Amino acid sequence: MKRWRPGRSWRAASLTVGAALLLAGCGGTGGGSGTSGDGKGELLVWVDNTRTPAAQQYEKAHPGLKMRIVTIPPDAGYVPTKVSLANRTRSGWPDVVFLANPAEAATLASDRFGYAAPLDGLVPKSVRDGFTPGSLDTCTFGGKTYCLRNDIAPTVLWHDAKLMKSYGYEVPKTWAEYQRVGLKAAEEHPGTVVGAINGKYGAGVYFGSSGCPTRDTLSLTRVRVDLTRQNCTRVADLLQPMARAKAVTTVVPTDPAFAKLGKEKKILMLPGPAWFGDFMFGPAFKIPAGRIAAAPMPTWPGETKSYAGQVGGGAFLVSAHAGDRTKQAVDLVRWMTTDVALQAKQPTYPAFAAAAQKWGEAKSEDPYYAADPMPALTASANALRPGFGAVRFEAAWQTSFNDTVGKAADSGGDLGDALKSWQDKLAAAARTSAYTVGR
């Protein structure tokens, strides 16, 4: 079986998503009509490669259920494009779909697509309350829940414990301390980096954890974008001197050039998502066992609580066209996301709290880590910063960051000025995606 790669989950696909929106505009539907699946009464389920075995397990355990499982690629824009085609023909909608990019829930739940069914009346509140606090925020629009999260990607302060000790540095507890350590490392050990600020790894990690409203969804049609706030300017102030000292890099962590930093022992710290622990430091960066540890995200000025950003995760949706198969679809989604035994074996941090606790037992004993990473991961999972919503301009959110803040960081420019340009680009992208933009 092909191994799942988290880095692909949020791949920018501007042209694909744009095509999907165009198609939906031509053939959108309000939902609840047409023919789901292939018209043969089967429960049609679309899942990625990683979730396919679980869906097959469910099918085997329910021999009386007519079910057809289709394995789909995790590429951004794939599902909206296919659903928009089903909207045009008014047939072929999957009854259940897994999103490798949960931001696409905002597209599929919109009136223009009319695909996602609200789950509030279908999944008991007692079940929804079992998910990690804040994990369903990306599924919620206007007070309605349109998806259940399979996994989440809270950020922690990953660091090379061996390098930190040999250099005589303490793991920072505040962002001010983080900046001081970063600048000192850049001066004393040239080439050393303490963070990556490319695309989602800058916008999701730093701006997301700070609570900067770059994508604060108020409803399916209203979004708050306000980069003039102190929650945004303090991020620019943090990163400005480190960008000029090359203590942070705009090289994306999934790029081979970043892997070279790991091989050369130049990655001192790296604020990043939970899945970096298993999928990046060893496999990609080639950092040996016994070096990497996790700490909670540093606290921002004026705050005493550590908040986490988000980079990744997945979600399940049920079709508004499922008709008499709705209960079957909901039962499958509920099992896929909340079954503790199933989720405990999944590769990434489960969104369901009881499953995350069980999942963490093996992680705590993993000899790769210099210390048990679960205390930091659990703390971050329970401290997701509010206001980081699922938006229909996900691809533009990433590319506009690189074109403004990222470009300024590369050129030694002023990050504060870059925020103004990013604000304009985000607002324009939001309006193009049929949002009313507020501050």
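**Sheet, disulfides and helix α17**

Three strands form an open sheet in the order β14-β9-β15, with antiparallel pairing. Its edge strands are β14 (269-273) and β15 (292-295), each of which pairs on one side only. On average, neighbouring strands of this sheet are turned by 35° against each other, direction ignored. The model is predicted.

Strand β9 spans residues 155-160. Its antiparallel pairing with β15 runs over four bridges. Within this pairing, Trp158 stands opposite Ala294 in β15.

The disulfide count comes to two. With the bonded cysteines of the protein chain numbered in sequence order, the pairing is 1-2, 3-4. One disulfide joins Cys139 and Cys147, with the sulfur atoms 2.0 Å apart. This separation falls within the 2.5 Å cut-off for a disulfide. The angle about the S-S bond is -95°, and the link of Cys139 and Cys147 is left-handed. Cys139 is buried, as is Cys147.

Cys212 and Cys232 form a disulfide as well, and their sulfur atoms lie 2.0 Å apart. Here the angle about the S-S bond is 95°, and the link of Cys212 and Cys232 is right-handed. Cys212 sits in the loop between α8 (200-210) and β11 (216-217), whereas Cys232 belongs to helix α9 (residues 230-244), so the pair ties together parts that are 20 residues apart in sequence. Both Cys212 and Cys232 are buried.

Helix α17 covers residues 415-432. What span should the 18 residues of α17 have at 1.5 Å a residue? The expected value is 26 Å, because the span is taken as 1.5 Å times one less than the number of residues. The end C-alpha atoms of α17 are 25 Å apart, which agrees.

Which residues of α17 are buried? They are Leu415, Ala418, Leu419, Trp422, Gln423, Leu426, Ala427, Ala429 and Ala430. The buried residues of α17 pack against helices α8, α9 and α16 (394-411). They also pack against strands β12 (222-224) and β17 (436-438). Two of these partners recur from the second disulfide: α9 holds Cys232, and α8 precedes the loop with Cys212.

Both ends of α17 show local features. At the start of the helix, a side-chain oxygen of Asp414 reaches to within 2.8 Å of the backbone nitrogen of Gly416. Ala434 follows α17, and its phi is positive, near 70°.

Note on methods
Residues are numbered from 1 along each chain as its sequence is written. This is a predicted model: local features need pLDDT of at least 70, side-chain atom pairs count only at pLDDT 80 or more; totals for chains, interfaces and linings use all residues. Side-chain values use heavy atoms; hydrogens and water are left out. Two strands pair if DSSP finds at least two bridges between them. Helices (H or I, at least four residues) and strands (E, at least two) are DSSP runs, numbered from the N terminus. Axes are lines fitted to C-alpha atoms, for helices over the stretch in contact, and angles run from 0 to 180 degrees between N-to-C directions. Buried means under 20% relative accessible area, exposed over 50%, partly exposed in between (1.4 Å probe, protein chains only). Contact means heavy atoms within 4.5 Å. A polar contact is a pair of N or O atoms within 3.5 Å; within protein, one must be able to donate a hydrogen and the other to accept it, and residues adjacent in sequence count only if both atoms are side-chain atoms.
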